[in-house]
Amino acid sequence: MGEHGAVVGEVRLTVDELAARAGVTVRTVRFYGTKGLLPPPELGPRRVGLYGEAHLDRLGLIEELQRQGLTLAAIERYLARLPQDSTPLDLAIHRALVASWTPEATEELGRAQLERRAGQGLSEEHIERLAAMGALERTDDTGVFRVDPGLLPLGVRILDVPIPLDTLLAARAVVLEHSRATARELQRLFRETVWKPYRESEPAPAELARMKALTDHIQPMVAQALVTAFQRSLREELGEAVLNTASPEHHNEPDPS
């Protein structure tokens, strides 16, 4: 593995391949690198820079944060708050959650463009699984797909995980149900405790505009808090499951007395 965990597993991409997978230009990749937002590549044969999954997911997260309107300085602060041991999968989940604030950011891609973005050929079964995960939708044109750029990298990564299609659909329904309930409650809380008192104080128009801009920038912070809380809760649930599985065996042991 290279510096900063640059190369993970067998994934090694040139700067052109990285840009194509991420849907950005080579110039953009190099710009983020000079700003310190993207770790340097690992030097391969003939000193060619090679990038890994960590670069791809970090680049995708940066792009989503930019679509949210964050400045480069704000993005740098956001990335600095991520745990040092964040894996490429952690970054992909962060990106997916941040992207959920911007549903209008979908793209329409032809089959060849979609496969280039995915970095692999896609069978019909793959397409069905990506659709079940919400990473893409079919359109009236059979050769064109409406793609969520935030969810696609995460979906591609788990394409070959042996999870039944029905389980993916059910999991997506659970996530949507609870995320909508969380969003609804957060909106109510913010509206009642922040916006309502603020408006009742009769602020000047300029202050209202500033407040609106601040609330827009709170969204990625909330997304980061949600994914962190979810990861912690998942670890706790897995830990309890292990204990519960072990308990019956323990209880069945003969009483030493």
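A residue counts as buried when its relative accessible area is under 20%, and as exposed when that value is over 50%. By this criterion, 35% of the 257 residues of the protein are buried. The model on display is a predicted one.

**The whole chain**

Begin with the entire protein in cartoon representation, where 10 helices and 5 strands can be traced. The accessible surface amounts to about 15900 Å², and carbon and sulfur atoms account for 56% of it. If contacts are restricted to residues at least 6 apart in sequence, 66% of them join residues at least 24 apart.

**Helix H1**

Next, select residues 15-22, which form helix H1. Its buried residues are Val-15, Leu-18, Ala-19, Arg-21 and Ala-22. These residues lie on the same side of H1, because the arc they cover around the axis is only 165°. Display their surroundings: the buried residues of H1 pack against H2, S2, H3 and H6. Just after H1, Gly-23 adopts a positive phi of about 75°.

**The largest nonpolar core**

Keep Leu-18 selected and add Val-29, Leu-59, Leu-61, Ile-75 and Leu-79; these are the residues with the most contacts inside the largest nonpolar core, which has 23 residues. At least two residues of this core come from each of H1, helix H2 (26-34), helix H3 (53-67) and helix H4 (72-80). H3 supplies the largest share, 5 residues. In soluble globular proteins, nonpolar side chains tend to be buried together.

Now centre the view on Leu-59. Which residues does Leu-59 touch, leaving aside those up to four places away in sequence? They are Leu-18, Ala-22, Val-24, Val-29, Tyr-32 and Leu-38. Apart from the largest core lies another core, of 16 residues, which includes Leu-114, Leu-122, Phe-145 and Leu-152.

**The three-stranded sheet**

Select strand S3 (107-110) and strand S4 (136-138), together with strand S5 (residues 144-147). These 3 strands form an open antiparallel sheet in the order S3-S5-S4. Why is one side of S3 and of S4 left without a neighbour in the sheet? Both strands stand at the edges and each has a single partner strand, so one side of each remains unpaired. From one strand to the next, the twist averages 35°.

The pairing of S3 with S5 is antiparallel and extends over 4 bridges. To locate one of the bridges, pick Gly-110, whose bridge partner in S5 is Val-144.

Then bring in the helices that contact these strands. Helix H6 (residues 111-118) packs on the sheet and touches S3, S4 and S5; the direction of H6 makes about 105° with that of S3. Helix H7 (residues 124-132) lies across S4 and S5, and runs at about 115° to S4.

**The loop between S1 and S2**

Finally, move to the loop between strand S1 (42-43) and strand S2 (49-50), where Arg-46 is found. Arg-47 is also placed in the loop between S1 and S2. Most residues other than glycine have a negative phi. Arg-46, although not a glycine, has a positive phi of about 55°, and Arg-47 likewise takes a positive value, near 60°.

Are these two side chains buried or exposed? Arg-46 is exposed, with a relative accessible area of 77%, and Arg-47 counts as exposed at 65% relative accessibility.

Note on methods
Residues numbered from 1 in each chain as written. Predicted model: local features only at pLDDT ≥ 70, side-chain atom pairs only at ≥ 80, totals over all residues. Heavy atoms only, no water. Core = buried A, V, L, I, M, F, W, Y, C linked by side-chain atoms within 4.5 Å. Buried < 20%, exposed > 50% of the residue type's maximum accessible area, 1.4 Å probe, protein only. Contact = heavy atoms within 4.5 Å. Pairing = 2+ DSSP bridges. Axes fitted to C-alpha atoms, helices over the stretch in contact; angles between N-to-C directions. Areas by Shrake-Rupley, 256 points an atom, 1.4 Å probe, with all protein chains shown as cover. Arc of directions from axis to C-beta.
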